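Let's take a walk through this structure together, one helix at a time. Have the model open and follow along.

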Amino acid sequence: MSRMPRSTFCLISVLVASLAILPASLSAATLSAPTAKQVQKAMNLQSQNNLAEAAAILESLNSGSSYDRAFADRMLGAIYWQQGNTLKAINALMSAEKSGALNPEEMRSAQRMLADLLLIQTRYSEALTRYYPLVADTQTTDKEAGEIWFRIAQAQYQNKQAGKALDAVNRHLKLSPASVSALSLKLGAEVQLTQWKASTKTLERLIMLDPGNKTWWLQLVSSYQKLNDHAGMLNTLVLAERSGIALTTDEKMFLAQLYGKQGVPHKAARVLRAVNEQSADARRLAAEASYWQQAKEWDEAIDAWTRAAAFNPEYYWVAAQLALQHQQYQRALSLLEKVSDDTPADRLELARALAYDKLNQITKALQHAKRAHAAVPSKQTESWVQYLTEKQDAALRSPAK
């Protein structure tokens, strides 16, 4: 059996109130005079909360009338419940029901109480056999029918009959105001039936009633995910944050990914920057840097790669290359000083040659080009040495201004 959803526990608290006092009007036309006298005593004791004495009086009745016994059993059911003895209450009510001696209204109230107690005892099938005739009874008011359909929905859900549970809770919602308990049960059935579109509507109603409950927001994200609706997921997380819901680091990472998928990398980067300001690691910083690059925010990207390099020195090379590409040559040289030793010497020296060339420091540029060629001779390194040599010669031949 699956674990009871939240709505079942809410139901139990309602039953405590509804079962505490069972209507027990006396009628001289039906109860024998001696029994009526004893029943009245029991009722007075019950009203004074002298439950043990009231029960003792009703248990000792020896009337030959089946109606007298059935009436007493019906009262005993309520008293046993008040005493906390659910099983004795069920047995007393079943005895009253089995007798067939109660009048229709009394039988209805006994069956309703019996069904509610059976539901609490997780005897769902037995409870359902009492509930369905009650909602079919023309004497049942809309208010009472709404309550009973909710009980039916609970029992069917626990019986793993999600379709029947959904039908019952929908009938309940037509007759009663929407509540968190009813909507959470409806949601549970829809999820079991994989009705993801319907579940999004139910979750939106739950959020309206209970906006501070993070569970509903995350389940709405999950439903949109099942529908492959990235915009729906993104909007839900954004609204959740705006509504005061605190997102975990992983949830913010997911939010950033959604921004990226929706083509707004600058928002993704801002989300991650806020996370990294609180608690940074190489993976998140690299993700932030990548989003800044996608957004063409070069200064921010270089800064993020540099911060990532504090955790993983390999990122100094990435930051340096980005700085070179965007004409931040002095910054590039500073970053290149921190590049790890695993970086191929020819690539590192050529990067320095480029930076010094752009800074018009030809002598230094040529030195690094020669080092690159010495480390790993290639047409590229040879070409750089030749280019910078010619450039240096031309500068020496030109008259100083």
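Contact here means heavy atoms within 4.5 Å. Two more terms will help: helices (H or I, at least four residues) are DSSP runs, numbered from the N terminus, and buried means under 20% relative accessible area, exposed over 50%, with partly exposed in between (1.4 Å probe, protein chains only). This is a predicted model, in which local features need pLDDT of at least 70 and side-chain atom pairs count only at pLDDT 80 or more, while totals for chains, interfaces and linings use all residues. Residues are numbered from 1 along each chain as its sequence is written, and side-chain values use heavy atoms, leaving out hydrogens and water.

Start with helix α11, residues 196-209. Its buried residues are Trp196, Ser199, Thr200, Thr202, Leu203, Leu206 and Ile207. The cover over these buried residues includes α10 (180-192) and α12. An α-helix has 3.6 residues a turn, so residues three or four places apart point the same way.

Now move along to helix α14, which has 13 residues, 249-261. From first C-alpha to last, α14 reaches 19 Å, close to the 18 Å expected at 1.5 Å a residue; the expected span is 1.5 Å times one less than the number of residues. Buried in α14 are Glu251, Met253, Leu255, Ala256, Leu258 and Tyr259, and what covers them includes α12 (214-226), α13 (230-242), α15 (265-278) and α16 (282-294). After α14 comes Gly263, with a positive phi near 80°.

Finally, look at Lys143 in helix α8 (residues 142-158). Is Lys143 buried or exposed? Lys143 is exposed, because its relative accessible area is 60%. Its C-alpha atom is separated by 6.9 Å from that of Ser176, 33 residues apart along the chain.
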